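Hello,

Here is the structure I promised to pass on to you. Please open it next to this email, and then read on for what I found in it.

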Amino acid sequence: SYAPHLAEKEISGRIMALYGGKTEGGKGVVVTLNRGMSDGVDLGQVFAIYRDRVSVSYDESMRRVETPVPEERYGLLFIFRVFDRVAYGLVMEASKPIRIGDRIRNPK
């Protein structure tokens, strides 16, 4: 059994894959992270899931204009298996679909 806890140092990374080769998932899906023991990831750690966002609009000449918007926290995951450079986590909460490339870091 693992006790959920926060990392002692700031750790950030990305979701590399979802179990089963899917491109999107939700609560209960297993994800692979691009961080592991060598980065300070430990069994039982909890991370928040974030997504970069962009606002799309069109200017006077109808050209697409993309404006970065602050990232959005939309989920939590629990680390249950750790290797040197990779970790596996279980998504415990998600208000949006989990996608490959979404960011993870310590919850605040």
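**Around P107**

Leaving aside neighbours within four places in sequence, P107 is in contact with L6, V46, F47, A48, R73 and L76. Before going further, please keep in mind that this is a predicted model. P107 sits in the segment after strand 8. Is P107 buried or exposed? Its relative accessible area is 18%, so P107 counts as buried, the cut-off being under 20%. For a sense of distance, try finding K22: P107 and K22 are 85 residues apart in sequence, and their C-alpha atoms are 25 Å apart in space.

**Its neighbour N106**

N106 also belongs to the segment after strand 8, a strand that covers 103-105. N106 counts as buried because its relative accessibility is 7%. Not counting residues up to four places away in sequence, N106 touches A7, K9, E10, I11, F47 and Y50. Which backbone atoms lie 2.9 Å from a polar atom of the N106 side chain? One is the backbone oxygen of K9, and another is the backbone nitrogen of I11.

**How the strands pair**

Now let us look at the strands. A good place to begin is strand 1, residues 12-18, which pairs with strand 8 in the antiparallel sense over three bridges. There, S12 has R105 of strand 8 as its bridge partner. Strand 1 also runs antiparallel to strand 3 (residues 30-33), and three bridges join them. In that pairing, L18 has V31 as its bridge partner.

Next comes strand 4, residues 46-58. How many bridges join strand 4 to strand 5? There are twelve, and the two strands run antiparallel. One pair to look for is I49 with its bridge partner G75 in strand 5. Strand 4 pairs with strand 8 as well, in the antiparallel sense and over three bridges. I49 turns up again here, standing opposite I104 in strand 8.

While you follow a strand along, here is a general point to keep in mind: in a regular strand, the side chains alternate between the two faces of the sheet.

**The turn with M62**

Strand 4 and strand 5 form a hairpin, with five residues between them. M62 is found in the loop between these two strands. What is the phi of M62? It is positive, about 65°, although M62 is not a glycine. As background, most residues other than glycine have a negative phi. M62 has a relative accessible area of 61%, which means that it is exposed.

M62 also takes part in a nonpolar patch on the surface, together with V54, V56 and Y58. The four residues have about 420 Å² of accessible area together. V56, from strand 4, counts as partly exposed because its relative accessibility is 39%.

**Salt bridges**

How many salt bridges does the count come to? The count is seven. Here are three of them for you to find.

- D102 and R51 meet through their side chains, with a distance of 2.9 Å from N to O. This pair links distant parts of the chain: D102 is in the loop between strand 7 (98-99) and strand 8, R51 is in strand 4, and they are 51 residues apart. Both D102 and R51 are buried.
- D52 and R103 form a salt bridge at 3.2 Å, N to O. D52 lies in strand 4 and R103 in strand 8, so this pair ties together parts that are 51 residues apart in sequence. D52 is partly exposed at 43% relative accessibility, and R103 is partly exposed with a relative accessible area of 30%.
- R105 forms a salt bridge with E71, and their closest N and O atoms are 2.3 Å apart. R105 is in strand 8 and E71 in strand 5 (residues 64-82), 34 residues apart, so to speak of distant parts of the chain is fair here too. E71 is partly exposed, with a relative accessible area of 28%.

You have now met R105 in two roles: as the bridge partner of S12 and in the salt bridge with E71.

Have fun exploring, and do write back with any questions.

Best wishes

Technical notes. Residues are numbered from 1 along each chain as its sequence is written. This is a predicted model: local features need pLDDT of at least 70, side-chain atom pairs count only at pLDDT 80 or more; totals for chains, interfaces and linings use all residues. Side-chain values use heavy atoms; hydrogens and water are left out. Helices (H or I, at least four residues) and strands (E, at least two) are DSSP runs, numbered from the N terminus. Buried means under 20% relative accessible area, exposed over 50%, partly exposed in between (1.4 Å probe, protein chains only). A polar contact is a pair of N or O atoms within 3.5 Å; within protein, one must be able to donate a hydrogen and the other to accept it, and residues adjacent in sequence count only if both atoms are side-chain atoms. Contact means heavy atoms within 4.5 Å. Patches are made of residues with over 30% relative accessible area and no salt bridge: like charges are joined within 9 Å, nonpolar side chains (Val, Leu, Ile, Met, Phe, Trp, Tyr) within 5 Å. Accessible areas come from the Shrake-Rupley method with a 1.4 Å probe; for residues, only the protein chains shown count as cover. Two strands pair if DSSP finds at least two bridges between them.
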